[in-house]
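Dear colleague,

Please find below the structure that I am handing over to you. I would be grateful if you could read the notes beneath it with the coordinates open.

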Amino acid sequence: MSRYFTRLKMKRCYKWGGRPSLCNRKFKSCYYEYVVLCKPDCNKGKWAEVQWFVHFSEVPYNRRKLLGRTPHPQEIFLYEDRTCDGEIDAETIIGSVEVEHLPPDASFPETGQKGTLYFKLCWDTKAFKVVDAEGRHLDDKTPLVSVSVAPTTRVLPTPDATVMKRALSVTLSRVSASAGKLAASEVESGHSASKLSASKFLSRRRRGSCDSTPGVRKKLDLNSEFLISVLLFCTHRAEELPEVSEQTDITPRSKRKSARLVSSRIRKQLNLLNAGEDQVFEDDSGDECFVPSKKDAGSTSEDEESGQAESEDEGISVKKRRLAASCRTPRSSRKAPASARTPHKSSSKKPRTPRHATPGIPSRSLPARKPGNVLEEARARLHVSSVPDSLPCREQEFQDIYSFVESKIVGGNGGCMYISGVPGTGKTATVHEVIRCLQHASEQDELPSFRFIEINGMKMTDPHQAYVQILQKLTNQKATADHAAALLEKRFSNPAPQKETTVLLVDELDLLWTKKQNVMYNLFDWPTRRYARLVVLAIANTMDLPERIMINRVASRLGLTRMSFQPYSFKQLQQIITSRLNQVKAFEEDAVQLVSRKVAALSGDARRCLDICRRATEICEHSSSRQPGSGLVGMAHVMEALDEMFSSSYISAIRCASTQEQLFLRAVIAEFRRLGLEEATFQQVFVQHRALCRMEGLQPISVSEGLAVCQRLGTSRILLLEPSRLDLLLRVRLNVSQDDVLYALKED
Amino acid sequence: MSKRKVKDQQLTVGQCVCQVHRILRERFCFQKLPSAPVGLESQHKHLLELLKRTAIHGESNSVLIVGPRGAGKTMLLKSVLNELLDVKEVKSNILLVQLNGLLQTDDRIALKEITRQLNLENVVGDKVFGSFAENLAFLLEALKKGDRSSSRPVLFTLDEFDLFTHHKNQTLLYNLFDISQSAQTPVAVVGLTCRVDVLELLEKRVKSRFSHRQIQALSPMDFPQYVELVQQQLSLPQEFPDGRFAHEWNNSVKALCEDKSVEDVLRKHFNLSKDFRSLHMLLFLALSCVTPSNPTIKPSLLLEASRLCTMDCKANMLHGLSILELCLIIAMKHLNDHYQDEPFNFEMVYNEFKKFLQRKSHSVHSFEKPVVIKAFEHLQQLELIRPVDGSASRTQKEYQLMKLLLDHTQVMEALQRYPQCPTDVNWSD
């Protein structure tokens, strides 16, 4: 019995006056017409609890007699089936309609109230029953009812939200015109003649959607109006795919049914065009439609039946249908990993859209300790991760970027800016600060609202993933790189009213380099489009990146709005440290100055500066535990930290090496001096080594041991060696300067 | 093994020796952690405090442990982790991810392994599905969602850190270090490497994000400490079942370490390397000769073990050669002496060999040329000679340029030790 219902996997959606607006297949195996929103559940976010109602047309045909009367056009039935999902995505709700409960013996009110639907009975898939009102969530005259099925644009890669909206509105207007007729002709399921053309349409459309190229879609979109409704239908098909993968035997059947339904819709619309034609639909097609199922193989025989009953051309459409079915499989299998990710979902009886795994780290069982003393407090403040209230020493750059982005947002046009600077000069931090300020301003309604998207060349596996990430952050849809590029291209080149400006931050731009440079080209080309309203802020390390790696057409699109962040001077570094410490007295003045001078002389990297300060606080903590001092980080501590970070580890490594290893290094230098080259074979060095052993009064070592010594020095990269298969002939080079080696060896 | 449970004060010698083997083998072969890190106390303290701060305060850190092979880097990290996980506050909070550059040879594998070890929500059973890009995005998203105070700190240990720097774009390292420098999930990244120049391998952006903390696992150990360590490694613990035997054993070990010849052996090893592993090898070889009939380590055992350890493998190979092959080697050595290590080919060697036969061929038969070629090829297979790089393989076998992979001294030594070497073969002068 339940087979019947799976055949009827569709949902009819009603507009305000209870008029069917579009035909739809939702993602579940139950069928329903009205979705009644009982209460929007705040805890669950987007999910809304619903009750399902069914229209008379959805009751299986051979059961309709059970009602014993003709249904009122605005009558619906409470649908009771455990397989229905009690929750739906709140975003699929598009509007509200009033549903009124009437006692079983009451008569229907006049049809003047267009916005109200009535229900007396409930349909439990087998029979009609009287509704016991007190058991329901909604009492009589409940006004809080809404009708679901907004086109969820995020599910499938649909061209554009606006396009979809247009399509929807077109469908609505078309169908509302035919609404009066519909109530009377609910029963019709598809005329034999119309069915053929409909199935052709359907198969063509399906093949189109399998390709899922926006081009095809667009063409369909522009083709004709009733195709648009089909298109909508198609987007919803995707939602049921996880379900399809579970119950594959049903698929052809339900598809067949859907074909009917679509054909009926198209039929209706066609009818509307030639208004003379009316009410010709026979029940025979309906009969065939509800033939009890005969397993999967039955679908073929059914097709044959219908082929006999109808024209010869049916065979073609059957083929097409099959083609479509075969096209579908890869799609559903592509979805499979998503459902595999949450196996408990598919096993549970309640079908639900597969919730994707949410990324997250388990939370700690004990809360993190707060910094206890001044030094710990200072350390927390000095950590690079702690976001300062303001960015000192970058006021000019901040102002420049701010005014650039602000002018673009206000003007509603696009543009590019290239920001360069060595690592650790606050490029990304400044841009983030600018965005924070702009977002604040737009919250205060001083600026039009805008979207901020950030991508990082280092945080993707392949330059083309940039498209995927941008698309995902922009519209929350997932697509392959090529598809995402096409969608973005469309999005940025199509005019759309009320589009807000998008600010795109591209960090580590140089990693988006590809051979054809098409990623970079697109990123800088989109802002030049008239309707794009895209501002691109590109960050990289080298100042001359556009000249060095970009081909002309890319560099030209990037434009000349450039900014370079100079390395911090020692005064700026000092200011950064003091502003971060912000009245926490943990450092002596001189100590801060020493650190900043040292770092400024080397790289001007603020990260390095903060790390050294942090290490100095640790050293201070150490030493104060041994001997109580002032408790402040002084020169000595900073010196020690600097030593640790900047001292060459080669020298300490050589000093701690074994005697033979040190001797070998001496031999290497002696051999280099003899040859006058910076390279020698092991055999040559070994001769020297043996001589040195004799001089030092050590027992000479064998060749095997000598090689082992040499290899040990090679693994720590004090020596650079050729591969060891060369044996005696492997060439040896020093990775340290000779002076350093001699210096390290002189001490002892 | 079950003997251990018997709390008998008087075990037989055989049982005692069995116990000794078990205890010492655990130390030498299974890398059992010592009770305290020897010679690395300050490093131990530094690392422990660093990781504690991550676990307790949620402070992100990154650190590299650098030291030559066998210096005790892994031992240091393991003992710190052991100690860290003993603290209850830490144990329930920290997540541990252990990676090895030899196993996770690229970022794709490494990401899957991280996700698996963190047991994120996209892990099904023991597998991680999805593409590389998806996995990366998922992991980054997961780590980004956390914050300092509420999410569990994640401790990444990257063994063979230098191999991770060869991954494409150093994506993994960039992201790990970037997380450690931003207000996301607190992480501690501990890298272990034996390369001193590891910082030069990091890309400039990655380098800037690294905190530049390096812990040098170098111990300036001198010889008395080394001997003490040997004694410590060989001594039996207090809780050895048979107290009397343990006492005797420990005394004998003490006497062993004071022996003059043993001291020479140990000094030679100390001079070669301060590496623990080679020391363990030496002690293990000595230990394996301890039997119930010979229940102590005698100096002679240690000498024998040392001889085995320091044997020259090439010279040993020469002992197995035939007279003809040995003659060819000697001929090559002569050529090397005459032409200052210039490469030679078969014809040159053959001529030299024929000259020798003409001069004094009393015991050596004159061989056919094909036989000599065969012997020459055998030497090449043994890699006692090898073709010079770049000498075209097109040239005829007889004229292919070769080099001898034996040192002058190795040949001389081998000739002296060759069993029943005919005196007239010894024309190496």
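The notes that follow cover the contact between the chains, two sheets, and the enclosed and open spaces.

Please bear in mind throughout that this is a predicted model.

**Contact between the chains**

Chain B touches chain A through 89 of its residues, and 75 residues of chain A take part in return. Together the two chains bury about 7500 Å², with 51% of that area on carbon and sulfur atoms. On the side of chain B, Val196(B), Arg205(B) and Leu272(B) provide 9% of the area buried against chain A, more than any other three residues.

**The sheet in chain B**

Chain B contains an open sheet of 5 strands, ordered E2-E5-E6-E1-E7, with parallel pairing. Its edges are formed by strand E2 (95-100) and strand E7 (214-216) of chain B, each of which pairs on one side only. From one strand to the next, the twist averages 15°.

At one edge, E2(B) pairs with strand E5 (residues 154-159) of chain B in the parallel sense, over 6 bridges. Within this pairing, Val154(B) of E5(B) is the residue opposite Leu95(B).

Two helices of chain B should be viewed together with this sheet. Helix H3 (residues 73-86) of chain B lies across strand E1 (61-66), E2, E5, strand E6 (187-193) and E7 of chain B, and it runs at about 155° to E6(B). Helix H8 (residues 171-180) of chain B also packs on the sheet, where it touches E1, E2, E5 and E6 of chain B. The direction of H8(B) makes about 135° with that of E6(B).

**The sheet in chain A**

In chain A, an open sheet of 5 strands has the order E13-E14-E15-E12-E16, and its pairing is parallel. Strand E13 (450-456) and strand E16 (562-565) of chain A each have a single partner strand, so one side of each is left without a neighbour in the sheet. Neighbouring strands here are turned by 15° against each other on average, direction ignored.

The edge strand E16(A) is joined to strand E12 (residues 415-421) of chain A by parallel pairing over 4 bridges. One residue pair to inspect is Tyr418(A) with its bridge partner in E16(A), Arg562(A).

**Cavities**

The model has 9 cavities of 30 Å³ or more. The largest cavity holds about 310 Å³ of space. It is lined by 22 residues, of which Cys656(A), Glu661(A), Pro68(B), Ala71(B) and Lys274(B) are the closest to its centre. Helix H28 (residues 703-715) of chain A contributes the largest share of this lining, with 3 residues. Sorted by class, the lining comprises 11 nonpolar, 6 polar and 5 charged residues.

**The second largest pocket**

The second largest pocket has a volume of about 1200 Å³. Among its 39 lining residues, those closest to the centre are Arg27(B), Gln31(B), Lys32(B), Leu33(B) and Pro34(B). At least two lining residues come from each of helix H1 (13-28), H3, E6, helix H11 (223-234) and helix H14 (276-287) of chain B. H3(B) and E6(B) thus appear in this lining as well as in the helix-on-sheet packing described above. The lining of the pocket divides into 17 nonpolar, 10 polar and 12 charged residues.

With kind regards

Conventions
Residues are numbered from 1 along each chain as its sequence is written. Chains are lettered from A and ligands numbered from 1 in the order in which they are written. This is a predicted model: local features need pLDDT of at least 70, side-chain atom pairs count only at pLDDT 80 or more; totals for chains, interfaces and linings use all residues. Side-chain values use heavy atoms; hydrogens and water are left out. On a 1 Å grid over the protein atoms alone, a cavity is a set of points where a 1.4 Å probe fits but cannot get out, and a pocket is an open set with protein on both sides within 12 Å along at least five of seven lines; lining residues have an atom within 4 Å of a point. Grid points are joined across faces, edges and corners, and a volume is the space filled by probe spheres set on the points. Ala, Val, Leu, Ile, Met, Phe, Trp, Tyr, Cys and Pro count as nonpolar, Asp, Glu, Lys and Arg as charged, and the others, Gly among them, as polar. Two strands pair if DSSP finds at least two bridges between them. Axes are lines fitted to C-alpha atoms, for helices over the stretch in contact, and angles run from 0 to 180 degrees between N-to-C directions. Contact means heavy atoms within 4.5 Å. Buried area is the accessible area (1.4 Å probe) that two parts lose on being put together, summed over both.
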